[in-house]
Amino acid sequence: MSLDTFHSEVDPVATGQDMHRLIAELFPICRSITGDGLRHTLRILRTYIPLEMREVPTGTQVFDWTVPKEWNIRDAFVKNSRSERVIDFAKSNLHVVNYSIPVQRRISLSELKEHLYTIPEHPDWIPYRTTYYKESWGFCLSHRQMEGLTEDEYEISIDSTLKDGHLTYGEYFLPGDTQDEILISCHACHPSLCNDNLSGIAVAVSLAKHLASLPRHYSYRFLFIPGTIGAITWLALNEDKLPHIKHGLVLSGVGDDGKLHYKKSRRGNTEIDRAASHVLQHSGTPYELLEFSPYGYDERQYCSPGINLAVGRLSRTPHGTFPEYHTSADNLEFVHPDKLGESLAVCMKILSLLENNGTFVNLSPKCEPQLGKRGLYRMIGGQSEAGLNEMAMLWVLNLSDGSHSLLDIAERSGIRFESVQRAAKALKEQLLLREKFDFVSTAAG
Ligand SMILES: [Zn+2]
């Protein structure tokens, strides 16, 4: 198998089910931007791919930010005067505002309510809230559950610690034929939320596992990091690696049943932006292209002006535009094996395009070469997808003057990249084409 044939040889349903199983395995863990939940998650990922776990001490200056104190939690509850746990962290880790400081006291209902968060529009869902950078505490619960709380004296307990420790992240580097790299990044800092965080992790792990067994031109770097502070930390500590990163993808929200969305990099017309657009355009499934904006996931950091990498983002329904976002309804039913499989296949097609996007020179450029005597003209497979596309051959011959990549040719001709690539391969075998360099970026890349 090669990257080119991956999507026809790998069963998207079975792969999707594998990814869904990994999501189910990671779902119960209380992750945060630091702490043992994140470590536990990375250790589980290490049973799938041999990633390195890095620890960065609290207080480390990373550009304009500082690595925060490490947060860990063991238990939390609110008990009524009959000693019943009316809010229980053991039932859902979303019940505690993530990064809550330790608390142990008795309070009235009205004081308790100042620390409660609900979603009145969705009275059965528990919201997800954080307080990373302000020392505070709180509980999240369904609106219905809050309405059931009566006047009473409540016992509050949050058995957490917030102290000097480390920020942990996972990194997996997969060397290729060249030092040029493709970066795949996903956040791994949310507790029991599936589409937001676990879907990106599952697709990234599956990509890494498959790429490891395939021949690769590019080197690949996978990052499993806490959102925002993790990307900032990695970038601040690895500035020397940035010149090698030629393309990158942030993966997030890739498991829901909405259509695929590709968000372009800040530069807007880089090779990966064009590759992703081309793949989606020919995917036969609904999709949308989004222009860059300085809001979203870690593409914000990779595309900050002083970093400015060619990093786009692949998602399905964009975050914040579905009601389940950051609630307990972003659960195991909200992500679908077939959608995970489709997201993985699209990633593989984008990477395959980047891997194969060479630039060629026509060795018989004065008038058309005679294809018939070489067995290339109306001989093989007509216009079918599997066979050689005659129009693709004519386009490749015409535009292979050393200044057009195969992606340039695919875009200009409207023919899908795989057909253009196959035509180039056949022409090269007949010595009508040679590669300009081993590898070049496209004209606009
Ligand atoms: Zn989120």
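**Exercise 1. Two helices that cross**

Which hand does the crossing of α6 and α10 have, right or left? Describe how these helices pack and which residues meet.

*Solution.* Keep in mind as you work that this is a predicted model.

Step 1. Find the two helices: α6 covers residues 194-212, and α10 covers residues 337-356.

Step 2. Look at their axes, which lie 10 Å apart and make an angle of about 50°. Angles of 65 to 115 degrees count as roughly perpendicular and those under 35 as roughly parallel, so α6 and α10 are oblique to each other.

Step 3. Now the hand: α6 and α10 cross in a right-handed way.

Step 4. List the partners. From α6 come S199, V203, S206, L207, H210 and L211, and they meet L340, S343, L344, C347, M348 and L351 of α10. Sorted by class, this contact of α6 with α10 holds eight nonpolar residues, four polar ones and no charged ones.

A general point helps when you read such lists: an α-helix has 3.6 residues a turn, so residues three or four places apart point the same way.

**Exercise 2. The zinc ion**

Which protein atoms are the donors of the zinc ion, and where do H190 and H326 lie along the chain?

*Solution.*

Step 1. Collect the donors: H190 (NE2), D196 (OD) and H326 (NE2), lying 2.0 to 2.1 Å from the zinc ion.

Step 2. Read their spacing along the chain, which is H-x5-D-x129-H.

Step 3. Place the two histidines. H190 sits in the loop between β11 (181-187) and α6, while H326 sits in the loop between β16 (311-315) and α10, so the pair ties together parts that are 136 residues apart in sequence.

Step 4. Check how covered each histidine is. H190 has 7% relative accessibility and therefore counts as buried, whereas H326, at a relative accessible area of 21%, is partly exposed. The cut-off for buried is under 20%.

**Exercise 3. Positive phi values**

Which residues other than glycine have a positive phi of about 55° or near 55°?

*Solution.*

Step 1. Start from the general rule: most residues other than glycine have a negative phi.

Step 2. Go to N308, whose phi is positive, about 55°, although N308 is not a glycine. N308 belongs to the loop between α9 (299-302) and β16, and with 24% relative accessibility N308 counts as partly exposed.

Step 3. Return to H326, one of the zinc donors. Its phi is also positive, near 55°.

Step 4. For a glycine with a positive phi, go to G414: just after α12, G414 takes a value of about 80°.

**Exercise 4. A covered helix and its neighbours**

How many residues of α12 are buried, and what do they pack against?

*Solution.*

Step 1. Helix α12 runs over residues 406-413, and six of its eight residues are buried. They are L406, L407, D408, I409, A410 and S413.

Step 2. Their packing partners include α10, α11 (390-399), β18 (401-405) and α13 (417-429).

Step 3. Take α13 as an example. The axes of α12 and α13 come within 9 Å and cross at roughly 125°, and the two helices are therefore oblique to each other. The crossing is right-handed.

Step 4. Name the contact: L406, L407, I409, A410 and S413 of α12 meet F417, V420, Q421 and A424 of α13. By class, seven of these residues are nonpolar, two are polar and none is charged.

Step 5. Turn to α11 and α13, whose axes are 8 Å apart at an angle of about 70°. These two are therefore roughly perpendicular to each other. A392, M393, V396 and L397 of α11 make the contact with S419, V420, A423, A424 and L427 of α13. This contact of α11 with α13 divides into eight nonpolar residues, one polar and no charged.

**Exercise 5. The whole chain**

How many helices and strands are there in the chain, and what share of its residues is buried?

*Solution.*

Step 1. The chain has 13 helices and 19 strands.

Step 2. Of its 445 residues, 57% are buried.

Step 3. Along the principal axes, the C-alpha atoms fill a box of roughly 90 × 40 × 35 Å.

Terms used
Residues are numbered from 1 along each chain as its sequence is written. This is a predicted model: local features need pLDDT of at least 70, side-chain atom pairs count only at pLDDT 80 or more; totals for chains, interfaces and linings use all residues. Side-chain values use heavy atoms; hydrogens and water are left out. Axes are lines fitted to C-alpha atoms, for helices over the stretch in contact, and angles run from 0 to 180 degrees between N-to-C directions. Helices (H or I, at least four residues) and strands (E, at least two) are DSSP runs, numbered from the N terminus. Angles under 35 degrees count as roughly parallel, over 145 as roughly antiparallel, 65 to 115 as roughly perpendicular and the rest as oblique. A crossing is left-handed if the near helix is turned anticlockwise from the far one by less than a right angle, and right-handed if clockwise. Contact means heavy atoms within 4.5 Å. Ala, Val, Leu, Ile, Met, Phe, Trp, Tyr, Cys and Pro count as nonpolar, Asp, Glu, Lys and Arg as charged, and the others, Gly among them, as polar. Buried means under 20% relative accessible area, exposed over 50%, partly exposed in between (1.4 Å probe, protein chains only). Donors are N, O and S atoms within 2.8 Å of the metal (3.2 Å for Na, K and Ca); water is not among the atoms, so sites may look incomplete.
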